[in-house]
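Work through the exercises below with the model open. Each task is followed by its solution in steps.

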Amino acid sequence: LGIDQVTLARLWPYVQSKLAMAPPEGTAALSLTYRVGYADKKLSLLVDKLGLGVEGLALKGSRAAEPALRLDRLALSGGRFDLDKRQLDIGEIALSGGKVALNRDAAGRLDVMDWLVPAPPPGGAPEKEAATPPKPAAPATDKPGSLTPGPSPAGGGGSMPWRVNLNRFALNGLGIRVTDAGFAAPLSAEVDNVRMGFSARAEAGDTTQARVDGLAVDVSGIRLLSAALKDPLFVLGGITLADGQLDLAARHASVGKVSLVNGKVVAVRDGKGRIALAEAFQPASGKPA
């Protein structure tokens, strides 16, 4: 099965009533092979060679001047889903190029939160009408024609867990800018490029387990700016993290190395004893310090 060059804006009418956003930009493609079976009242499904790609993605609010999220390319490859085994395997998820631009107002609300249309108030019953107590749930039965996943492992006390394995996640070329109006003069944090890579696996059943291995992060071109000052308050050439691991079940995390390079902090005290670096963090009028 192959679907190519799907313009995302053409799908917008199906979801626009639920989101206060401008129509998305970009194109998508999907390819896969599949096999479906039904026997002994059991549904089986195997999806293989799963690939998904999105090019030129841009998402923004209905009244925003620029996209809050822009991705040049997102690609998923080497995907395989087996319903009988309750397992999803992904060869690689790669994100390359793009920018995240977020704005936080004085009340602490991010602009992307405005994308969600408030749910209508529940109709409810009239005040004088007594609420009907809920009926007890009927026991589950195996009705003819019902579709259920494959059998649980023999001899197991619980149901078969769901497993997700990600061989490789790669991110490169992502810029970030966050502007916060909660200060007397709005502060902005900027990052020129974020690079990240790791592998992961997770299992959800009677217990939940997740593990991340080979975590590496490289963040470069970091700046902190104030709208009241011409020069950045803080500059850092980069932060790198290497050999990171995270084990949820063991409640253990480790990092092999963290490096900070080419940093600069400017702290100037004027004739009235005020230090610009400290003044920059004064809260907006009406907010507690």
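**Exercise 1.** List the residues that V265 touches, not counting residues up to four places away in sequence.

Solution. Contact means heavy atoms within 4.5 Å. By that cut-off, V265 touches L233, F234 and L277. Next, place the residue: V265 belongs to strand 12 (residues 257-265), strands being DSSP runs of E with at least two residues, numbered from the N terminus. Last, take the C-alpha distance to L224: it is 9.7 Å, while the two residues are 41 apart in sequence.

This is a predicted model, in which local features need pLDDT of at least 70 and side-chain atom pairs count only at pLDDT 80 or more, while totals for chains, interfaces and linings use all residues. Residues are numbered from 1 along each chain as its sequence is written, and side-chain values use heavy atoms, leaving out hydrogens and water.

**Exercise 2.** Decide whether Y34 is buried or exposed.

Solution. Buried means under 20% relative accessible area, exposed over 50%, and partly exposed in between (1.4 Å probe, protein chains only). Y34 has a relative accessible area of 55%, so Y34 is exposed. Y34 is part of strand 2 (residues 25-39).

**Exercise 3.** Find where confidence is lowest and highest among the elements.

Solution. pLDDT is the predictor's confidence in each residue, from 0 to 100. The protein averages 88, and 87% of the residues score at least 70. Confidence is lowest in helix 1 (residues 276-279), with a mean of 86, and highest in strand 5 (residues 87-90), at 98. Helices are DSSP runs of H or I with at least four residues. Over residues 125-131 the pLDDT is below 50, and this stretch has zero contacts beyond near neighbours in sequence.
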